[in-house]
Amino acid sequence: MDLKGKLISKTEIKGCKDLFHEMFCEKPHHLPNVVPQTIQAVDLHEGDWGTVGSVVNWNYTMEGQEKVVKVVVDDINKEKRLVTFKAIEGYVIEEYKAFKATLHIENNGDNNLVIWTIEYEKQNEHIPEPFSYLQFATNITKDVDTYHVNQ
């Protein structure tokens, strides 16, 4: 059984792709105001918002459980509207040796597509694939898009 894997979700958004990217790249600390039922806090520990190498702590609720993860911003490409977070501490690291989530927004004509890619390595073969994290990212995408459309 392979311990490494990659999951991808694609969600069309109606709101502005630039605002969406900015929310996750430069202003994730605003997410608790947008999706308080899902994300309770996003705090900067090192670096500056919107810069590679910054360390950010996320407090969130997934599947009814409150969780915490500390991530390092691993990559940012504003032109491609891409940001990658690499988990370094917290609940997710208890199950996965490596866990990286990338948000990328593609433009195809009038359609904007948010693509989440989760790359992971499980601690052992008994750990499930992180489908719940992919669903979590998809749900946040929809909620943030609804927020932007209604503003």
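A salt bridge is counted here when a side-chain nitrogen of Lys or Arg lies within 4 Å of a carboxyl oxygen of Asp or Glu, and by that rule Glu89 pairs with Lys70, their closest N and O atoms being 3.8 Å apart. The model is predicted, so local features need pLDDT of at least 70 and side-chain atom pairs count only at pLDDT 80 or more, while totals for chains, interfaces and linings use all residues. Residues are numbered from 1 along each chain as its sequence is written, and side-chain values use heavy atoms, with hydrogens and water left out. The UniProt record, an unreviewed entry, carries the annotation "domain: Bet v I/Major latex protein" over residues 2-151; UniProt positions are given in the numbering used here, feature names are shortened, and annotations may be inferred rather than shown by experiment.

**Annotated span**

- Residues 2-151 are 25% helix and 49% strand, and the C-alpha atoms at the two ends of this span lie 44 Å apart.
- Helices (H or I, at least four residues) and strands (E, at least two) are DSSP runs, numbered from the N terminus.

**Salt bridges**

- The structure holds six salt bridges, and three of them are described below, including the pair of Glu89 and Lys70.
- Glu89 lies in strand β5 and Lys70 in strand β4, so this salt bridge ties together parts that are 19 residues apart in sequence.
- Glu89 is partly exposed at 43% relative accessibility, whereas Lys70 is buried at 18%; buried means under 20% relative accessible area, exposed means over 50%, and partly exposed is in between (1.4 Å probe, protein chains only).
- Arg81 and Asp18 meet through their side chains in another salt bridge, with an N to O distance of 2.7 Å.
- Because Arg81 lies in the loop between β4 (65-77) and β5 (82-90) while Asp18 lies in helix α1 (residues 17-25), the pair ties together parts that are 63 residues apart in sequence.
- Arg81 is buried, with a relative accessible area of 18%, and its partner Asp18 is partly exposed, with a value of 42%.
- The side chains of Glu129 and Lys122 also form a salt bridge, at 2.8 Å from N to O; Glu129 is partly exposed at 28% relative accessibility, while Lys122 is buried at 1%.

**Cysteines**

- A disulfide is a pair of cysteine sulfur atoms within 2.5 Å, and by this rule the count comes to zero disulfides.
- The sulfur of Cys16 is 14 Å from the closest cysteine sulfur, which belongs to Cys25, and is therefore too far away for a bond.
- Cys25 is likewise in no disulfide, the nearest cysteine sulfur being that of Cys16.
- Cys16 is partly exposed, with a relative accessible area of 37%, whereas Cys25 counts as buried at 4%.

**Backbone with positive phi**

- Glu63, although not a glycine, has a positive phi of about 55°; Glu63 is found in the loop between β3 (55-62) and β4 and is exposed, with a relative accessible area of 64%.
- Arg81, the buried residue that pairs with Asp18, is another residue other than glycine with a positive phi, here near 55°.

**Internal cavity**

- On a 1 Å grid over the protein atoms alone, a cavity is a set of points where a 1.4 Å probe fits but cannot get out, and lining residues have an atom within 4 Å of a point.
- Grid points are joined across faces, edges and corners, and a volume is the space filled by probe spheres set on the points.
- By this rule there is one cavity of 30 Å³ or more, and the largest cavity holds about 340 Å³ of space.
- Its lining has 17 residues, of which Val69, Phe99, Ala101, Trp116 and Phe136 lie nearest the centre of the cavity.
- The elements that each give two or more residues to this lining are β3, β4, β5, β6 (96-108), β7 (111-122) and α4 (131-150), and α4 gives the most, with four residues.
- The lining divides into 16 nonpolar residues, no polar residues and one charged residue, where Ala, Val, Leu, Ile, Met, Phe, Trp, Tyr, Cys and Pro count as nonpolar, Asp, Glu, Lys and Arg as charged, and the others, Gly among them, as polar.

**A separation in space**

- Glu46 lies in strand β2 (residues 39-46) and is partly exposed, with a relative accessible area of 49%.
- Glu46 and Ile127 are 81 residues apart in sequence, and their C-alpha atoms are 31 Å apart in space.

Key. 1 Å grid on protein atoms, 1.4 Å probe; cavity = no way out; pocket = protein on both sides within 12 Å on 5 of 7 lines; lining within 4 Å.
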